[in-house]
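Trainee: I have a model open and would like to learn how to read it. Could you take me through a few of its features?

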Amino acid sequence: MIVADHLTKRYPGGFDAVKAVSFEIGAGDMVFITGHSGAGKTTLVKLIGAVERPTAGSLLVNGQNLSALRSSALPYLRRHFGLVFQDQKILFDRNVMDNVLLPLQIVGLPRREAVRRAQAALDKVGLLDREKANPIALSGGEQQRLAIARAVVNRPSVLLADEPTGNLDAESAADIMAIFESFHQVGVTVVVATHDHHWIERYRPQVLRLDHGRLA
Amino acid sequence: MTQHGAAVEGAVRRLLAAPLNTLLSLLVIGIALTLPAAGYVLLDNLREVGKSASGVQQISLFMAVDADRKAVAEIESRLGQAGAGKWRFVPKEDALKHLKGNEGMAEIVASLPRNPLPDAFIVEPADAAPEKLEALRQTMAGWPRVAHVQLDSAWVKRFDAFLRLGKLAVTLLAALFAAGLVAVTFNTIRLQVMAQAAEIELARLIGATDAFIRRPFYYFGALQGALGGLLAAALVAVAVRVLAGPVAELAALYGGAFILRGPGLVDAGLLAGVGAVLGWLGAQLSVSLSLRRFG
């Protein structure tokens with residue numbers, strides 16, 4: 001489903017964040033990308049999520065080569081992924097429901113159906129009773145759950161998360177990881193970048209360990 | 001359609017979200033459109049005056065004072081043959097009676113030893129083209145016992161030239177203010193893009209197309225421009241309403257009846273349309289430049 005072959009990302013200035021990385025992630029897998037800070041985890045997540053484009057090598061997602069894809073086709077490919085960002089990227093000028101509705105507005109889903117789906121997503125992460133709340137009033141864990149609801153509302157085939165528990169206390173982090181596990185259980189491919197080995201021992205996922213941009 | 005509806009809804013929400021900013025922007029756009037719109041309304045009214053004046057364009061043919069009935073009959077016959085249009089004969093007696101009826105003229109006319117006025121024909125030519133009128137005037141002047149033929153078309157030409165000059169001036173003014181409207185929209189949208197940077201960045205990351213991101217700004221620009229256009233139409237209508245009375249009074253003092261015409265529904269629609277197109281253009285320029293930093 002996701003096949004990387006000598007995947008490389010060089011940023012302007014000549015810094016190689018990811019160097020000739022090759023791997024395969026099958027449909028329904030749960031994969032953790034680990035490594036120290038600056039190892040290239042975030043860049044790899046961005047490459048898989050079609051947020052960044054490779055500078056060398058190839059990355060096939062559902063048979064589509066990201067390197068060869070036209071820029072105008074990228075938005076449509078991105079819709080296959082549910083992205084949970086390190087900084088959450090929650091919009092604080094709208095309520096919880098409207099945050100979750102955004103991906104559905106992007107794909108042009110009729111309002112009634114979109115609200116129904118958003119409510120289901122919020123229910124899945126335990127935030128249905130907060131749908132009218134402003135995200136500023138949510139705790140850190142709740143904000144991360146909101147980000148997950150927004151990521152899964154479009155029913156993506158791949159859920160990508162970059163350090164989703166980085167800023168959370170142990171209890172909230174456990175809740176978040178349990179939510180990822182529940183999506184994995186129903187067949188969603190889950191790719192999580194984390195530096196916390198505790199979760200690897202607990203969920204025993206496939207692991208891609210990065211060291212200075214290379215697979216260790 | 002769902003996305004277009006959502007974009008329009010978003011644009012309306014943004015307009016309502018900052019009512020003071022919206023009001024000020026609308027005022028700037030409205031005033032920018034009011035000046036050329038008022039110019040066009042003024043020219044339109046003047047054109048109407050010109051039309052009604054040239055519509056009754058006349059050639060006055062004066063017989064020699066001592067011309068007899070036979071000479072008059074001869075001219076009548078020639079007018080028929082020349083296909084000059086409609087005419088009426090004004091006998092010198094009727095002319096004197098009419099003169100006498102004018103205020104202050106009765107005594108003067110009474111003091112005259114004899115009627116100094118000639119018989120005359122008032123001709124309303126079938127073809128009012130200036131060159132045709134001039135040719136007809138020259139033909140008539142050559143007829144026997146005709147003392148003078150008067151064609152007052154010079155003022156029509158001058159008036160026409162003035163209208164053309166006015167139209168050009170208003171067009172230049174309109175172009176200038178149109179650029180102003182585009183600039184106002186450009187700046188408003190640029191500020192909006194900056195204010196919504198987080199949403200735009202997120203939308204891009206989760207699969208929004210360029211069109212999805214740009215659309216609400218386009219609708220915002222168009223909506224703002226259209227409302228500005230309607231405001232301009234309202235301002236011109238109010239101005240016309242205020243001026244209509246004094247203008248009618250002035251026209252009455254010159255013995256005429258003139259009603260100042262304001263912008264109609266079609267004009268208001270046209271102004272709103274022009275405002276919308278210019279607003280859309282300003283938004284397009286602004287969004288194209290402002291979104292570059294989002295990659």
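Mentor: We will go through the interface, one lysine, a sheet and a surface patch. This is a predicted model, in which local features need pLDDT of at least 70 and side-chain atom pairs count only at pLDDT 80 or more, while totals for chains, interfaces and linings use all residues. Residues are numbered from 1 along each chain as its sequence is written, chains are lettered from A in the order in which they are written, and side-chain values use heavy atoms, leaving out hydrogens and water.

Trainee: How many residues of chain B are in contact with chain A, and what area is buried there?

Mentor: The size of an interface is often given as the accessible area lost when the parts come together. Here 14 residues of chain B are in contact (heavy atoms within 4.5 Å) with 19 residues of chain A. About 1500 Å² is buried between the two chains, with carbon and sulfur atoms giving 68%; buried area is the accessible area (1.4 Å probe) that two parts lose on being put together, summed over both. On the chain B side, B:Leu202, B:Leu205 and B:Ile206 lose the most area to chain A, together 40% of what that side buries.

Trainee: Which residue forms a salt bridge with B:Glu201?

Mentor: A salt bridge is a side-chain nitrogen of Lys or Arg within 4 Å of a carboxyl oxygen of Asp or Glu. The partner is A:Lys89, with the closest N and O atoms 3.4 Å apart. Across this interface the rule finds two salt bridges.

Trainee: Is A:Lys89 buried or exposed?

Mentor: Buried means under 20% relative accessible area, exposed over 50%, and partly exposed in between (1.4 Å probe, protein chains only). A:Lys89 is buried, because its relative accessible area is 19%.

Trainee: What is phi of A:Lys89?

Mentor: Most residues other than glycine have a negative phi. Phi of A:Lys89 is near 55 degrees, a positive value. B:Arg145 also has a positive phi, near 65 degrees, and is partly exposed at 40% relative accessible area.

Trainee: In what order do the six strands of the open sheet in chain A come?

Mentor: Strands (E, at least two residues) are DSSP runs, numbered from the N terminus, and two of them pair if DSSP finds at least two bridges between them. The order is S6-S7-S8-S3-S9-S10, with mixed pairing. The edge strands, S6 (81-84) and S10 (214-215), each pair on one side only.

Conventions
Helices (H or I, at least four residues) and strands (E, at least two) are DSSP runs, numbered from the N terminus.
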